[in-house]
Amino acid sequence: MPQVNGLLLSYCGIICEYCPAYRNKLCPGCDAHAENCEFIKCIQSKNTRNCLLCDEFPCKLHEDGFEWTTEEYGTLRWKVYSDIFVKIMKEMKSASTSNM
């Protein structure tokens, strides 16, 4: 899993070291899910460390999430960020590009 400034982060941008599931060893981290996670596949195809560092963040994958079938929880729609967070990030990105 990537590190940014010494902090362990998930590929989609969650700070693993702050996550109770990761700290309590209930989550093995991203690398255990690399074959199934669309965020990881995307990041690896773009050769960057995590979504937050990608020029396209937030993208359609963050807006829609993706369907993920797990043994523990069945089929779910995996979305990391809330709709309002994605909206705020898009507005900030739009404002910064229009100021150029």
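How much space lies in the largest pocket? About 540 Å³, in what is, keep in mind, a predicted model. The lining is made up of 23 residues, and those closest to the pocket's centre are Cys27, Pro28, His33, Trp68 and Trp78. If you want to find the walls by secondary structure, look at helix H1 (20–23), strand E3 (66–70) and strand E4 (74–78), the elements that each give two or more residues to the lining. Sort that lining by class and you get 18 nonpolar residues, four polar ones and one charged.

Now for the cysteines. Cys27 has already turned up by the pocket's centre, and its sulfur is also the nearest cysteine sulfur to that of Cys19, 6.1 Å away. A disulfide needs the two sulfurs within 2.5 Å, so Cys19 is in none. Cys19 is partly exposed, at 23% relative accessibility. Cys59 is likewise in no disulfide, with its nearest cysteine sulfur, that of Cys42, 5.4 Å away. Cys59 counts as buried, at a relative accessible area of 17%. Searching the whole structure doesn't change the story: zero disulfides turn up.

Move along to helix H3 (residues 60–64) and you'll meet His62. Is this histidine, His62, buried or exposed? It's buried, with a relative accessible area of just 4%. As for the company it keeps, set aside the neighbours within four places in sequence and His62 is in contact with Phe39, Cys51, Phe57, Lys79, Tyr81 and Val86.

Terms used
Residues are numbered from 1 along each chain as its sequence is written. This is a predicted model: local features need pLDDT of at least 70, side-chain atom pairs count only at pLDDT 80 or more; totals for chains, interfaces and linings use all residues. Side-chain values use heavy atoms; hydrogens and water are left out. Buried means under 20% relative accessible area, exposed over 50%, partly exposed in between (1.4 Å probe, protein chains only). On a 1 Å grid over the protein atoms alone, a cavity is a set of points where a 1.4 Å probe fits but cannot get out, and a pocket is an open set with protein on both sides within 12 Å along at least five of seven lines; lining residues have an atom within 4 Å of a point. Grid points are joined across faces, edges and corners, and a volume is the space filled by probe spheres set on the points. Helices (H or I, at least four residues) and strands (E, at least two) are DSSP runs, numbered from the N terminus. Ala, Val, Leu, Ile, Met, Phe, Trp, Tyr, Cys and Pro count as nonpolar, Asp, Glu, Lys and Arg as charged, and the others, Gly among them, as polar. Contact means heavy atoms within 4.5 Å.
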